[in-house]
Each structure stands twice: as C-alpha cells, then as structure tokens.
2 protein chains.
Amino acid sequence: MQRRVTIEDIAREAGVSRQTVTRAMNGMPRISEATRDRILEISERLGYRPSRFASNLARTSKTKTIAFVVDSFRNPYYSELAADLLDAASARGWQMTIVSREDEPELQLLSRLANQVDAVVGYLGETDEKALATAARGAPLVLLGRTATTDGLHSVDFDFGPAFANLVDELRKRGSKRFGLLESQPLGAVYEPSTRRIAYEAAVDPVSAAAVVVCEAPPQSVDAGELGFDELMDRFPETDTVIAFSDLMAMGALRAAHRRGVDVPGQVRLVGVDGLSLGAVTSPALTSLAILGTGFAEQIADVIEQALDGGDGAERRRASLPILWRESA
Amino acid sequence: MQRRVTIEDIAREAGVSRQTVTRAMNGMPRISEATRDRILEISERLGYRPSRFASNLARTSKTKTIAFVVDSFRNPYYSELAADLLDAASARGWQMTIVSREDEPELQLLSRLANQVDAVVGYLGETDEKALATAARGAPLVLLGRTATTDGLHSVDFDFGPAFANLVDELRKRGSKRFGLLESQPLGAVYEPSTRRIAYEAAVDPVSAAAVVVCEAPPQSVDAGELGFDELMDRFPETDTVIAFSDLMAMGALRAAHRRGVDVPGQVRLVGVDGLSLGAVTSPALTSLAILGTGFAEQIADVIEQALDGGDGAERRRASLPILWRESA
DNA sequence: GTGAAAGCGCTAACAG
DNA sequence: CTGTTAGCGCTTTCAC
C-alpha cells in the first residue's frame, strides 16, 4: 500500500498549480483545452483518483447520503420499499445505503451510522425513544411504521383505523359477513396487539373481532400465514373473509386454501396488507391494503428532506392505505 | 442555514483543546470521565455533529463504500442478490449503496459514482469495455454476468456450460426426453443468443435445441414467461421439460400451465434459473439452477476485496450453478 | 488562463 | 490526563 497519488503529484508532473488540476478534473471553465488534456492524460497515467472525502470537505455542496434500515432485505416488502425510496432519493440527488439490523445491536448500529450518513430512516425495533435519539447523536432520524413522541424524532406511520374501516365496509358491500384476522407475532417479544389488529377489531362486528389467530414464528413469513389460515378455518369455520397482517402471510394463506380445496375468492375472500407487486403473480392475484405504490416513499423522502434542512419541529405523518383490488377479494 | 457547529466551538465552550474534544467524542482513552461527560453534555447542547468527511480525511482507516448497480431493485433476483451482497459487505465493514441505472446514461452514472464510492460492482449494459474503464476513472469495477477482457476490469461470470449439461443429464435420468427453452429478449437491442441459450443448445439433442421461444418484452417478467410457455407448448407440443431463462419467467410459465391444465411436474417438468427464495412459495415450488444462496455474493465480495487492495492483475471468476431441487422438476 | 493563499473539520503523533 | 503541532487532499476566493 504505497502513498496515494494526490492532486499535488499531478500538478508537479504537469508543472502547474493544484488549482489548475482541480479545474481540469472537474470540467471547470477558465482553463485551456490544451492544458486540460495534458493534465487528464497525466492523471490517468499516474492512476490518480480524487479523494471523495477531501473534495466533499472542501466543497460547499456536499453529497448527501441516507441510510435505510430494515430487518432484512430478503423480505419483499422491504426490498420493494427500498426500490421506491431509492427512486425518491436519486431524484433528490442523494445516495442511499441499505442497512440490515440483523447482526448488530440496534443502538450501536445507529450511532455508527450517525457518523457515516446524513440521515437515518427505517423500521427500528427499539421502543425507548430517548435511547434512539441519543444513539442518533443529532442525525435526523425518521421512524417508519410508528409514531414518534420524543422531540426531534420524525416519523411516518400508517393510518390503519380509517383504512380497515373502509376495507371492511367495501367487503361487506360485496357480501362479506364473517371476518377473520391473521395476526403476526413479533419475534421473541411479549405479545402485544399490533396497530393492525386494533384497527381490525374496531372495524368489524364482535363475533369477527374474536376471530383472530396470532400466527406462530417465523413472523411475517409465508409459512406462518399458511399455518395461521389452517387454524383460523378450523376454529372459525364460518369465516368468509380473511384479512392477513401482510401480503406475504396472505400468500401463505392462499397456499393453505389451495391445499384445503377452499376456493378464493368464491368461498373465502382474502386480503393482505402491503400492496406487494408480487401479489399480482399469485393465482388468484392478491387484493391488498396498499402501502407500496401509493406515494409512501415520496412522503418519507419529503420528511427526510425537511429534517435535513434542519426543520426544527419534528415532522410526523400518517399515510393512508387505499385498497388495491385484485382477484382474491 | 447557519454555520455548522465544529469541534472548535465545543473546545472553546469547554475551555479545552480540540484534541480533547476528539477524544471525548470517539470514546478514546486518556481522558478523564469528568471532562468527557462535560464535553459530551456541551456538544449535545450545541447540537454538534461531527463531519464524516473531515473525520475520514484525517483518519488513517477510512470507511469503504461500494456501489451495487442493477437495472432495477424491483426485480427480486437483484434484490435478493443485494441482500446477500449486503451481508458480505457488512461482514467486511463496508457500506453498500444501491444504484439503479434506470434514469441515467450508464457511463455518466459510472463516472459520478467513481467520485463517490471506493468500488463499483454490478450488471452493466454497456458493451464497450474501454468506455467503461474510462468512465470508472480508476475506481475498481467488477462486472457481473459477463467476462471482462480489458485490462483492469474485474468480473464474476457464470459457468453455464457445465451447469446446463449437468441439469439436462439429471433431468434425463428422471425421464425427460424433449426439452424446450424460454429465452429472454434483451430490451430494445438487436437479439443475440444469451449465454444460457448457447449452453442449452449444447446440452440437449438437436430436436430440443430447436425448441426455443424468445419471449417478448417486457423481458424478465412473469408475463413474458406466461406468454412464452403458451407459444412453446403450441409450437412444440411434445415438450416434456421446460427450462426458463429465469425463475421469474418460470413463475409465468407455471401460471400458464395452471391455466392450460398442464400438470407440473406430472406432464411437464419446469426449471428456472436464479434460485430465488421466492421460488419456494409457488405451488409446485420451483426447481432452479441456483445462483443465489451458493456463495456467489461471497465470491463477488472477494473479488472486490482484492480490487480494493490494489491487486494489479484483474480478477476474473466463473461461478458454478448447482441444481436446487424443489417440486417442479 | 493561471497561481497563491487560506481554509474545510478532523485526527495522529508527540510532548508535556 | 491534556495540549501543541502538523497535516489529510481538495476547493475557494482573489489576485495576477
């Protein structure tokens, strides 16, 4: 590992000042074509590579980088959201680095990131907001899927209440009478009803409200949905409409339905949550309360943008979830 | 946008030197608890956030960032590979930024990236290697899915020849006689046989070699696979084994098979390429020539690592593709 | 068109 | 335990 080739080396070799080299490298004006070409040739010959740290330090407009943190990019919900968010980030000239919180204590990861990016956004598990704020060390932090209450923490949450009310309403119009919910069990934590479950229970009749199956680990998996569907139909055979915590779980339910010879949507209507594009390729294609493809990512980017501009008050939004009608309901 | 709070401000406020502040901020030794706490408190009060550019510039060990470039992270193959690569990158202490080449001319994108990351890896479309090398401006570049021939360009390609030979062999053992291939049409380019097609044709008998359907746009989509399967079965009704360019296309083929009442794998065996984990949730689950989950990402990371260490000779590898037996074949 | 000087904000190495 | 002295490599004035 020898000394790095710097702008100084090029300047010396070319017999010009460092400033001239900078002008040549960055395609700036006020330099003759001849010297530019000569410098470019020399820098190539010497294998010169500008230091992004030095250039960003000196430059007035620095490149922004945001970190997107999720459980795992193997979950299509997160990867599709990453794709959406990436578009929004690129449009704003930001770089986006993806970070999975699988192998490192969350707070530690957060404070590491705080020194390496301009803002952090994602699904964080830690419930102690003070701890989160401290770990972020002043880096703008945007919490997803929950509502922040601590000063300085931003968030974009979901408005499940109206969404479920509307969904149940529409389903009733199509003939649904008895609903059932496939709820997800957070990994290794004490079970606590999800905001989806709460919204569900508020939206349906008392009998349906009782028809809830908390699917076993692994959470958020197709398998969990498959097992859950079996249990739900066994325990509540009159169910004619199943709402799943997520599209992935709905896909599992669909599999179970096929296996049991239950026609979807003929005998049982099935609805997921997320709006995965993947839901379009199952047969029947999955109806879903859509998060993806609804401007959710744009909304997140807006919040980040404000946070980056040092907006003082914390920005808190709640996204609405339109129904994405496909075939399964 | 007021002046940024710097280490200098903290030092002045605390009545210590900048160096002491550095020590406090980075949890370095040789500082008393008392002063550390005082400095931390002050820095929080003043809203101090270290500049990652300054710190990386001054530091001896700088944080590495690699860029992973693909068409679109909406394609599950790319997002699953991104997840694998991210694991490999994190394990090495690198950050990984994802970049989609959807909206920007590739060479331009590349030279922009060259100034912002330490290495670029991905599926690049540009065939002119000189142009790629120039645009990369000396940043290590690792080409995926093709073999580089230009000096300084690294690559990790696939060894389709043996893979297809082995696959066909194994399928024959299970009773396959007449094969068919669902080939993908590159977008908007003049059609040229893919390396997969070439390997396929070399592996099968002459009659099967002729049973190739080049699926219409959109390439690499479930829909393309669905249409392609129809055409293949219409034109070559004796086909008993279908190999698809990718798992996504195989999923489309599966859909068409369901629709046509063709039993898979009873009447027709179906094999994809990629090894998507998603292939496990279709019914029947998809058999595939696996790229994912085979150490491919690790291999890529190794190549990057060597390139980063300034290994002179360009590193070129070819990954092998084991068969991932599931239900569809 | 080109160069000199003055930083950008931080850390390494050493001295005290 | 703390401070001083030098940079890290580049860009930004502002002269010439």
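This is a short tour of a predicted model, with suggestions for what to select at each stop.

**Stop 1: the two protein chains**

Start by selecting chains A and B. A turn of 180° with a shift of 0.0 Å along the axis lays chain A on chain B, with an RMSD of 0.1 Å. The two copies are thus related as by a two-fold rotation axis. To find that axis on screen, pick Thr97(A): among the residues of chain A, its C-alpha comes closest to the axis, at 2.0 Å. Now turn to the interface. Of the interface residues of chain A, 98% are also interface residues in chain B, so the copies meet through the same surface.

**Stop 2: the open sheet of chain B**

Stay with chain B and show it as a cartoon. Six strands make up an open sheet here, in the order 7-6-8-9-10-12, with mixed pairing. Which strands stand at the edges? They are strand 7 (212-215) and strand 12 (323-324) of chain B; each has a single partner strand, so one side of each is left without a neighbour in the sheet.

Next, zoom in on strand 8 (residues 241-244) and strand 9 (residues 269-274) of chain B. These two run parallel and are joined by 3 bridges. Select Val242(B) as well, and you will find Leu270(B) of strand 9 standing opposite.

Then add helix 12 (residues 247-260) of chain B to the view. This helix lies across strand 6 (179-184), strand 7, strand 8, strand 9 and strand 10 (287-290) of chain B. Against strand 9 of chain B, helix 12 runs at about 155°.

**Stop 3: DNA strand C**

Select DNA strand C together with the protein around it. The strand is surrounded by 30 residues, and the closest are Thr20(A), Ile7(B), Thr22(B), Asn26(B) and Tyr48(B). By class, the residues of this surface are 10 nonpolar, 13 polar and 7 charged.

Colour helix 2 (18-25) and helix 4 (52-58) in both chain A and chain B: each of these helices supplies at least two residues of the surface near DNA strand C. The largest share, 4 residues, comes from helix 2 of chain A.

What part of the DNA is being approached? Among the atoms of DNA strand C within 4 Å of the protein, 57% belong to sugar or phosphate, and the rest to bases. Three contacts are good to display:

- Thr20(A): a side-chain N or O atom is 2.6 Å from a phosphate oxygen of DNA strand C.
- Ile7(B): a backbone N or O atom lies 2.5 Å from a phosphate oxygen of DNA strand C.
- Arg30(A): a polar side-chain atom lies 3.3 Å from a base oxygen of DNA strand C.

**Stop 4: DNA strand D**

Finally, move to DNA strand D. There are 29 residues around this strand, and Ile7(A), Gln19(A), Tyr48(A), Thr20(B) and Arg30(B) come nearest. The surface divides into 10 nonpolar, 13 polar and 6 charged residues. Which helix gives the most to the surface near DNA strand D? Helix 2 of chain B does, with 4 residues.

Of the atoms of DNA strand D within 4 Å of the protein, 57% are in sugar or phosphate and the rest in bases. For a base contact, select Gln19(A), where an N or O atom in the side chain is 3.0 Å from a base oxygen of DNA strand D. For phosphate contacts, select Thr20(B), with a side-chain N or O atom 2.6 Å from a phosphate oxygen of DNA strand D, and Ser32(B), with a backbone N or O atom 2.9 Å from a phosphate oxygen of DNA strand D.

Methods: Residues are numbered from 1 along each chain as its sequence is written. Chains are lettered from A and ligands numbered from 1 in the order in which they are written. This is a predicted model: local features need pLDDT of at least 70, side-chain atom pairs count only at pLDDT 80 or more; totals for chains, interfaces and linings use all residues. Side-chain values use heavy atoms; hydrogens and water are left out. Copies are superposed by least squares on the C-alpha atoms of residues with pLDDT of at least 70 in both. Contact means heavy atoms within 4.5 Å. Two strands pair if DSSP finds at least two bridges between them. Axes are lines fitted to C-alpha atoms, for helices over the stretch in contact, and angles run from 0 to 180 degrees between N-to-C directions. A residue is near a molecule or strand if one of its heavy atoms lies within 4 Å of it. A polar contact is a pair of N or O atoms within 3.5 Å; within protein, one must be able to donate a hydrogen and the other to accept it, and residues adjacent in sequence count only if both atoms are side-chain atoms. Ala, Val, Leu, Ile, Met, Phe, Trp, Tyr, Cys and Pro count as nonpolar, Asp, Glu, Lys and Arg as charged, and the others, Gly among them, as polar.
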